[in-house]
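The following exercises concern strand pairing, the surroundings of one side chain, and enclosed space. Each task is followed by a worked solution.

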Amino acid sequence: MSQPRRLRVEADVDTCAGARQCVLSDPSVFGHDEQNLVVVLRFEVDDHPELAEAITMCPTGALSAIDADTGEIIYP
């Protein structure tokens, strides 16, 4: 069994609309501040389905995940 890919999670708060879809999809990685804007709780994580869902559900495209080893954009 291979090791899960390590991803670096990034969020553009200036693009965030506060829809909180990320928090609902993956609360282990994403939270929100008092204005409902995204807060990344864990900047480097193993790839997992909830992370992919959270990033793809973002209506403004404010979220991304990058392979921590290669720098390749994995999501979106």
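**Exercise 1.** Which polar contact does the side chain of Arg6 make with the backbone oxygen of Glu44, and what else surrounds Arg6 in this predicted model?

*Solution.* Begin with the polar atoms: a polar atom of the Arg6 side chain lies 3.1 Å from the backbone oxygen of Glu44. This distance falls within the 3.5 Å cut-off for a polar contact. Next, set aside the neighbours within four places in sequence; Arg6 is then in contact with Glu44, Val45, Asp46, Ile66, Asp67 and Ala68.

**Exercise 2.** Determine whether Arg6 is buried, partly exposed or exposed.

*Solution.* The relative accessibility of Arg6 is 31%. Buried requires under 20% and exposed over 50%; Arg6 therefore counts as partly exposed.

**Exercise 3.** Place Arg6 in its strand and identify the pairing partners of that strand.

*Solution.* Arg6 belongs to strand S1, which spans residues 6–11. S1 pairs with strand S4 (residues 44–46) in the antiparallel sense over 3 bridges, and Arg6 stands opposite Asp46 there. S1 also pairs with strand S5 (residues 63–67), again antiparallel, over 5 bridges; in S5, Leu63 is the bridge partner of Ala11.

**Exercise 4.** How many cavities of 30 Å³ or more does the structure hold, and what lines the largest cavity?

*Solution.* A search of the whole structure yields 1 such cavity. The volume of the largest cavity is about 110 Å³. Its lining comprises 16 residues, with Cys16, Ala19, Arg20, Cys22 and Cys58 nearest the centre. Sorted by class, the lining has 10 nonpolar, 5 polar and 1 charged residues.

Methods: Residues numbered from 1 in each chain as written. Predicted model: local features only at pLDDT ≥ 70, side-chain atom pairs only at ≥ 80, totals over all residues. Heavy atoms only, no water. Pairing = 2+ DSSP bridges. Helix = DSSP H or I, 4+ residues; strand = E, 2+ residues; numbered from the N terminus. 1 Å grid on protein atoms, 1.4 Å probe; cavity = no way out; pocket = protein on both sides within 12 Å on 5 of 7 lines; lining within 4 Å. Points joined across faces, edges and corners; volume = space filled by probe spheres on them. Nonpolar A, V, L, I, M, F, W, Y, C, P; charged D, E, K, R; others polar. Buried < 20%, exposed > 50% of the residue type's maximum accessible area, 1.4 Å probe, protein only. Contact = heavy atoms within 4.5 Å. Polar contact = N/O pair within 3.5 Å; in protein donor to acceptor, adjacent residues only side chain to side chain.
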